[in-house]
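I sat down with this one to work out how the chain is put together. These are my notes, in the order I looked things up.

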Amino acid sequence: MLNTIALSKNYISNLDEVYRMASVSADLTSNPTMSRAGANANEIIYPQISVSGLGEYDRNTGYTTGAVDLKWKTSTFNYDRGTKIQVDVMDNEESRNLAFGMAGATLMREKVAPEADAFTFATLAAMENISKATGEIADATQFLDALLTAWSKMDEDEVPQENRLLYATATLLNSVMALDTTKSREILSKFSIKKAVPQARFYTAIDLLDGKTEGEEAGHYQKAGNASDISFMIVHKPAIIKFDKHVASNIILAAANPDADADIVKYRKYGIVDAYQNKRAGIYVHSKA
């Protein structure tokens with residue numbers, strides 16, 4: 001994509017930026033030491049164990065013989081994205097250093113954080129054997145009922161109550177806050193963390209644009225054609241595998257650029273979002289029909 005840089009005509013103290021919030025899925029990040037557990041460079045391996053149950057004890061022969069089944073499961077890194085932004089030094093100078101000075105911060109806020117959230121939620125929503133519900137939630141009362149249903153489902157599936165994180169659209173979360181009733185406070189207090197998620201980051205599936213082919217030159221992501229809007233998601237954090245194995249974010253000054261008299265901001269993120277196979281009950285997704 002070509003740069004579009006308007007040169008400065010006046011000194012102004014305010015900058016017209018797009019409103020964007022920081023990443024809301026950072027609380028799901030796993031222990032980074034997992035990145036060293038892989039047999040190959042692009043994967044991690046973790047143990048999955050099961051044992052047989054109790055049997056009848058016989059006073060003559062003693063215990064029944066049980067068994068241990070330990071398997072090693074593999075998860076492959078599934079997120080590898082990056083970009084390089086180049087700004088001519090004269091364009092930067094004549095824009096009062098705004099073009100390059102703000103490029104990195106704007107990239108992180110407007111592109112990196114929203115895409116990381118959207119990828120995380122869409123990936124978890126697409127997992128097999130998770131708990132799902134669909135339907136419209138018209139008001140705060142219906143939202144509270146849906147939360148109780150989800151909470152009870154996870155209780156029945158024996159998911160520990162600690163470390164359950166609630167992600168919901170700002171509209172739904174604010175509607176419950178507005179009730180300010182004992183019931184609403186009690187339900188919300190059950191969750192370790194409550195985060196409002198912009199709907200634009202909350203889909204059951206997304207398409208990651210490659211930044212190269214026709215129609216995808218701008219990069220970033222978009223809602224997939226077969227996707228639904230997510231209303232809320234409850235995640236038991238220990239059920240999740242999520243971390244960045246490699247993040248490259250640096251600046252190359254024009255003096256070190258062999259191709260052009262331009263400064264470069266480059267960014268790359270290589271990571272994984274997955275869930276343990278035996279802990280899928282720790283993910284509950286409610287989406288619109």
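The entries below go from the whole chain to its cores, a helix, the salt bridges and a surface patch.

**Entry 1: the whole chain**

I started by noting that this is a predicted model. I found six helices and 12 strands in the chain. Of the 289 residues, 40% are buried. I then looked at contacts with a separation of 6 or more, and residues 24 or more positions apart account for 78% of them. The exposed surface of the chain comes to about 16800 Å², with carbon and sulfur atoms supplying 50% of it.

**Entry 2: the nonpolar cores**

Which residues have the most contacts inside the largest nonpolar core? I got F121, L124 and M233, in a core of 28 residues. Next I checked which elements feed this core: α3 (103-125), β5 (164-169), β9 (230-236), β11 (262-275) and β12 (283-287) each give at least two residues. Helix α3 has the largest share, with six residues. There is another core apart from this one, with 22 residues, and I137, F143, M154 and L172 are among them. As background, nonpolar side chains in soluble globular proteins tend to be buried together.

I picked L124 for a closer look. Ignoring neighbours within four places in sequence, I listed its contacts as L28, I130, M233, V235, I240, V273, D274 and I283.

**Entry 3: V159, in a loop**

I wanted a loop residue too, and took V159, which sits between α4 (140-156) and β5. Is V159 buried or exposed? It is buried, because its relative accessible area is 10%, and the cut-off for buried is under 20%. With neighbours within four places in sequence left out, V159 touches M154, R164, H236, A281 and G282. I also checked V159 against A239: they are 80 residues apart in sequence, yet their C-alpha atoms are 9.5 Å apart in space.

**Entry 4: helix α6**

I turned to α6 (residues 182-189) and asked which of its residues are buried. They are S184, I187 and L188. Why do I put them on the same side of α6? Because they cover an arc of only 95° around the axis. That buried set packs against α4, β5, α5 (170-179) and β6 (193-197). On the face turned away from the buried side I found the exposed residues T182 and S189.

**Entry 5: salt bridges**

How many salt bridges are there? I count 12. I went through some of them by hand.

- R81 with E115: the closest N and O atoms are 2.8 Å apart. R81 is in strand β3 and E115 in helix α3, so this pair ties together parts that are 34 residues apart in sequence. I noted that E115 is buried, at a relative accessible area of 6%.
- R268 with D80: their side chains meet at 2.9 Å, N to O. This pair links distant parts of the chain, since R268 is in strand β11 and D80 in strand β3 (residues 79-88), 188 residues apart. R268 is partly exposed at 37% relative accessible area, and D80 is partly exposed too, at 42%.
- D69 with K71: the closest N and O atoms are 3.8 Å apart. D69 is partly exposed, with 35% relative accessible area, and K71 is partly exposed, with 40%.
- K223, D229 and K288: I found these linked in a network of salt bridges.

**Entry 6: a nonpolar patch on the surface**

Last, I looked for nonpolar side chains on the outside. I49, V51, V68, L70 and W72 form a surface patch, with about 560 Å² of accessible area together. Where do the patch residues come from? Strands β1 (43-51) and β2 (68-76) each supply at least two of them, and β2 gives the largest share, three residues. I checked V68, which is found in strand β2. V68 counts as exposed because its relative accessibility is 61%, and the cut-off for exposed is over 50%.

How values were computed
Residues numbered from 1 in each chain as written. Predicted model: local features only at pLDDT ≥ 70, side-chain atom pairs only at ≥ 80, totals over all residues. Heavy atoms only, no water. Patch = residues over 30% accessible without salt bridge, like charges linked within 9 Å, V, L, I, M, F, W, Y side chains within 5 Å. Areas by Shrake-Rupley, 256 points an atom, 1.4 Å probe, with all protein chains shown as cover. Salt bridge = Lys/Arg side-chain N within 4 Å of Asp/Glu carboxyl O. Helix = DSSP H or I, 4+ residues; strand = E, 2+ residues; numbered from the N terminus. Buried < 20%, exposed > 50% of the residue type's maximum accessible area, 1.4 Å probe, protein only. Core = buried A, V, L, I, M, F, W, Y, C linked by side-chain atoms within 4.5 Å. Contact = heavy atoms within 4.5 Å. Arc of directions from axis to C-beta.
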